[in-house]
Amino acid sequence: MAKHSINKAVKGTDFQDQPDQGGHFGLYGGRYAPETLMHPLEELESAYLKACSDPAFQQELEHLLSRYAGRPTPLTLASRLSDHLGGARIYLKREDLLHTGAHKINNCLGQALLARRMGKGRLIAETGAGQHGVATATVAALLGFQCVIYMGEEDMARQRLNVFRMRLLGAEVVPVKAGSRTLKEAISETMRDWVTNLENTYYLLGTAFGPHPYPLMVREFQKVIGEESRQQILEAEGRLPDLLLACVGGGSNAIGLFHEFLAEDAEKVAMVGVEAGGRGSQLGQHAARFHGGSPGVLHGTFSYVLQDEMGQISATHSISAGLDYASVGPEHSMLFDSGRVEYTTATDSEALEACRTLSQLEGIIPALESAHAVAEAVRRAPSGKGQVYLLCLSGRGDKDMEILERELRL
Amino acid sequence: MAGDPDIATTAKMVVALAQAGVDIVELGVPFSEPIADGPVIQRSGERALRSGANLPRILQMVRDIRQESPVPLLLFSYLNPVLRYGFERFAADAVASGADGALITDLSVEEAGPYVSQMRRQGLDTVFLAAPTSTDQRLKRVAELSTGFVYAIARAGVTGAREQLSAAAAPLLGRLRAATSLPLAVGFGISRPEHLTELAPLADGVVVGSALVRCLEEHQQDPVPHVADFARWLREGFKTQRHEPIHKSPIHKS
């Protein structure tokens, strides 16, 4: 199915040249939106492209990234974890050390500056775990925007602390009560707000997903992760890493790390994205789009989607709200089909165990999202003697304390 | 939404609406993520999904309706259920069932090529949406890909009945007239006979969705006569104007 909707598959080393002008990453991506949103998306694209070529924009962004958010983030050798596993040397790219506690701030600063250039006074965003919501509320406070965050009721309950953080930062948090009351419904509700309030409102989408130009724009604002990592690993090891690891919800931290290395030979720099394996492989029990999903259109883009045989979007489950979503960034779908990136899964319990391991061996408490990538490193490292792994530790676990306390019973 | 409250009732309702003087019936295919819809249509879609409605059953229902009524039928869907079904199969089965065309809410003209060519092969109409935010260039493209009529969105926003007509409707209809000779239908926010009176000189058809579904929702036990009465009440709005019914348009070629 669906093969006819499209242009061409991507081969070889073309990966870094994607997307095309219509926002297609090979077969995937594009702009599937109601007509009312099409011209606003065109305006967004042209404002973004204009900002890209404006040195003043780049300068202001770099200034905020370094003086406000805390870039560059360090690359930490996880010595005790590596010794414990007895194989690969594992480095952690410390996005958890950024202001607001995750990589999300990179994208929020970029898009908020863009919103200001476009003359918008109001930022709206969806959030799953609350990390993107907190980062959006933060930049709204910093730059003086009105801010509304849509969050599924279920996610509000499990990430209660982040809800309060957003409110403390001056944002309005609107509970979304439809469907599974998680990220999927929060995105739908944010799109409805946007289409109703186009005049003064900027939709600050939080991951490399949605209609063009969002997947491109978010990747570009996140690729600093990979650019810094390359330089830092060369300084530390004198060579490139053998394996990159990152968790994949929408996939913005992963693509931010991977993009810089896509032109490298896969034999030289392998990559693995880790999806949420949840409670099991049955539809509805996980959020592993590449293990049970198929291509479809959700929220403006063509990508792998967890859906039933009638094209209805499936419910998903993950202990980590940030990975709990039925689709995935279109660039990842291209990379999956091509085999350039391998996509695996970690279950809820593997992620919890990895969270405890990293906390106790390194004194670093990862977000449950990032703990999925740690779980994959734990699985692989013993057979990786002599190899160098570079893992994007996309966020810290402060927001997850209530879940961790309940689940780990220490 | 087709299947709200159930498929059999929808079929009866379509026939009753045709008898009440409705020129074209849009049959909504329910989708789990209705991003362009307000609360009334969202709830209707949820009820339809719970009743087990899906594209194959809706196409079968179209066949059943065709035994009783020649009223033009337009399938109205988000893209994913149709994509999953397959464009080629969708077009073939839709024409075999007796449907006249389709409108896909979240299929932009940019991405519509493969869908439109399958629909053309079967001689089905493809209606596209035009919005107040559409540039003249976009309106031209929307008109080029549309057959039957063009659907003008009266206000930027989600579907939903409003007391007042949007001021954006008239200028959009004016720009569309300059872009195409196709008939124009206008929808979003239309809920009263006065709205029809006001729009009759500007458009060839008026689309009423949420207001009708709200009537259905308020009479879940016995919706058919109430919905038909509501349609008759709305049509009063046309009595004060000379009205050229839209079903003279190419969509009524079946």
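Okay, so let's start with Lys268 and Glu264 of chain A: the side chains of Lys268(A) and Glu264(A) meet in a salt bridge, at 3.6 Å from N to O. Keep in mind that this is a predicted model. Side chains of opposite charge can pair when their charged atoms come close. Now, are these two partners buried or partly exposed? Well, Lys268(A) has a relative accessible area of 46%, so it counts as partly exposed. Glu264(A) comes out at 17%, and because buried means under 20%, Glu264(A) is buried.

There's also a network to look at. Salt bridges that share partners join Glu342(A), Glu350(A), Glu376(A), Arg379(A) and Arg380(A) together. Over all chains, a search of the whole structure finds 49 salt bridges, and I'll pick out two more.

Take Arg116(A), which forms a salt bridge with Glu60(A), and there the closest N and O atoms are 2.8 Å apart. This pair links distant parts of the chain: Arg116(A) sits in helix 4 of chain A, Glu60(A) sits in helix 2 of chain A, and they are 56 residues apart. Arg116(A) is partly exposed, at 38% relative accessibility. Glu60(A) is partly exposed too, with 33%.

Next up is Asp155(A) with Arg158(A), another salt bridge, where the closest N and O atoms are 2.9 Å apart. How far apart are these two in helix 6 of chain A? They're three residues apart, so about one helical turn separates them. Asp155(A) has 0% relative accessibility, so it counts as buried. Arg158(A) is buried as well, at 14%.

Right, on to helix 14 of chain A, residues 368-380. Here's a little check you can do yourself. Count 1.5 Å a residue, and the 13 residues of this helix should span 18 Å. The end C-alpha atoms are 19 Å apart, which agrees. And why do we call helix 14 of chain A largely enclosed by the rest of the structure? Because eleven of its 13 residues are buried. Among them are Leu368(A), His372(A), Val374(A) and two members of that salt-bridge network, Glu376(A) and Arg380(A).

Let's move to the pockets. The largest pocket has a volume of about 330 Å³. Of the 18 residues that line the largest pocket, the closest to its centre are Pro40(A), Lys120(A), Leu198(A), Glu199(A) and Thr133(B). So which elements give two or more residues to the lining? Those are helix 1, helix 8 and strand 8, all of chain A. Helix 1 of chain A gives the largest share, with four residues. If you sort the lining by class, you get ten nonpolar, five polar and three charged residues.

Last stop: a sheet in chain B. Strands of a sheet pair through backbone hydrogen bonds, either parallel or antiparallel. Ours is an open sheet of four strands, in the order 5-6-7-8, and the pairing is parallel. Which strands sit at the edges? Strand 5 (129-130) and strand 8 (205-206) of chain B do, since each pairs on one side only. Further in, strand 6 (residues 150-153) and strand 7 (residues 184-187) of chain B pair in the parallel sense over four bridges. If you want to find one on screen, look for Ala152(B): its bridge partner in strand 7 of chain B is Val186(B).

Notes:
Residues numbered from 1 in each chain as written. Chains lettered and ligands numbered in written order. Predicted model: local features only at pLDDT ≥ 70, side-chain atom pairs only at ≥ 80, totals over all residues. Heavy atoms only, no water. Expected span 1.5 Å × (residues − 1). Buried < 20%, exposed > 50% of the residue type's maximum accessible area, 1.4 Å probe, protein only. 1 Å grid on protein atoms, 1.4 Å probe; cavity = no way out; pocket = protein on both sides within 12 Å on 5 of 7 lines; lining within 4 Å. Points joined across faces, edges and corners; volume = space filled by probe spheres on them. Nonpolar A, V, L, I, M, F, W, Y, C, P; charged D, E, K, R; others polar. Pairing = 2+ DSSP bridges. Salt bridge = Lys/Arg side-chain N within 4 Å of Asp/Glu carboxyl O.
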